[in-house]
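Me: Could you take me through this structure step by step? I would like the terms explained as they come up.

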Amino acid sequence: MSANQAKPETSPHILVIGMGGTIAGLASNPAEQPLQYQAGQVEVKSLLAHIESAIPKGVKLVSQQVANINSRNMTEDLLSDLGNTVRVSLANPAVLGLVITHGTDTIEEAGIFLQLTCGKYAQILGKRVILTGAMLPANAPQADGPSNLLDAIRWASTPLDNCPGGVYAVMDGRGCMAMDLAKRHGTALNAVIQASPSSSVGLINPSWLSGVKAVEAAWTEDLPIPKGNEWPWVEILTSHAGARSETIALWLNSKVKGLVLAGSGMGGLHDAWQNSLISAVKQGVALVRTTRTGAGLTLTDIPEKDLEGCLASGRLSAPRARIALQLALNAEKQAQLAGKSLTWQDFFARIVVLPEIR
Ligand code: SIN
């Protein structure tokens, strides 16, 4: 194994990118209090050294540390760095596949971001990008990071006939498309993938694989990665009992470019928001409606007629819809600079119709 080399590695290898997270975390009293820890403490090359004896024979690994943070502090700048690193690495003929170790708190955002900006590229090049993380810190007695990392390395380096190139994720022995990642439990070892359509690692079933192929056929072109300081400002607002019109009105005095409205149930919004949302549309603020339940579809004109220009999020959860809206707004800006009259709705609609894997 070679790690963080000064000279670029030219022989075929899997690149393991470290972003931090619990998988790189350390607890001060791991035996008794494994959940009291600091995320992003151990370098990715040390995580690899720890599992060296279990790495499949013939698989060469190279590591690259892009960040080492608690992912609750993820920035848009860092997402751009990650996306650009992935694109450059995919283009490198010596890189056969990529693994990314990431904090689970915002791995949902990283998953949709990488699918929408690098998914087609990975598919065309026939390379897999596998996101993984852990729920227990690296020095906990039952640490789940080593097995997750090994699964990710095995999947990234498995011959292609078993599963096409693309952006995937693996945790707790299960794999899914990275765009389906969802952390839906605070502490359970299967917190991240349990809510998503997934397949046992090493036992990829045909119906899951045909779902992957349907998504890949529908995703025809990656969206541009925004420059670090050019991400459009988009916020998530939650509709709830006692919602106030001022919540929307306050944002209309800011430079916000878009609002993701996490409604109750099927994505219903409190009537108290109605007039200020009409003002938001008139002001040119992009609106996307989703559900605060964390699962299920948000359909156009259900439960009531959508405001003109406000799009329903389909199967995108609020955090995913936010990233998708930011990328769609950025794509609109780039298209207009190139003299094309495409709107954010054109780009967002392409994302919403991606088939759901069941
Ligand atoms: C983080 O997201 O960095 C901390 C939590 C985790 O990785 O499970």
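**Overall fold**

Reply: The protein chain has nine helices and 13 strands; helices (H or I, at least four residues) and strands (E, at least two) are DSSP runs, numbered from the N terminus. This is a predicted model, in which local features need pLDDT of at least 70 and side-chain atom pairs count only at pLDDT 80 or more, while totals for chains, interfaces and linings use all residues. Residues are numbered from 1 along each chain as its sequence is written, and side-chain values use heavy atoms, with hydrogens and water left out.

Me: Why is the protein chain called as compact as a globular protein of its length?

Reply: Its radius of gyration is 21 Å, close to the 21 Å that the globule rule gives for 358 residues, so the chain is as compact as a globular protein of that length. The radius is taken over C-alpha atoms, and the rule is 2.2 Å times the number of residues to the power 0.38. Along its principal axes, the C-alpha trace spans about 60 × 50 × 40 Å.

Me: How many of the 358 residues count as buried, in per cent?

Reply: The share is 52%. Buried means under 20% relative accessible area, exposed over 50%, and partly exposed in between (1.4 Å probe, protein chains only).

Me: Now the ligand. Which residues surround it?

Reply: The surrounding residues are Gly21, Thr22, Tyr37, Ala39, Asn70, Ser71, Gly103, Thr104, Asp105, Ala134 and Lys183. A residue is near a molecule if one of its heavy atoms lies within 4 Å of it.

Me: Which polar atoms lie by its oxygen atoms?

Reply: Polar side-chain atoms of Thr22 and Asn70 lie 2.9 Å and 3.2 Å, respectively, from an oxygen atom of the ligand. A polar backbone atom of Ala134 is 3.2 Å from a ligand oxygen atom. The protein covers 97% of the 250 Å² of accessible area that the ligand has on its own; such areas come from the Shrake-Rupley method with a 1.4 Å probe, and for residues only the protein chains shown count as cover.

Me: Different topic: where is Ala243, and is it buried or exposed?

Reply: Ala243 sits in the loop between β10 (234-238) and α6 (245-251). Ala243 is buried, with a relative accessible area of 9%.

Me: What is Ala243 in contact with, beyond its sequence neighbours?

Reply: Leaving aside neighbours within four places in sequence, Ala243 is in contact (heavy atoms within 4.5 Å) with His270, Ala272 and Trp273. Ala243 and His270 are 27 residues apart in sequence and 6.4 Å apart in space, C-alpha to C-alpha.

Conventions
A polar contact is a pair of N or O atoms within 3.5 Å; within protein, one must be able to donate a hydrogen and the other to accept it, and residues adjacent in sequence count only if both atoms are side-chain atoms.
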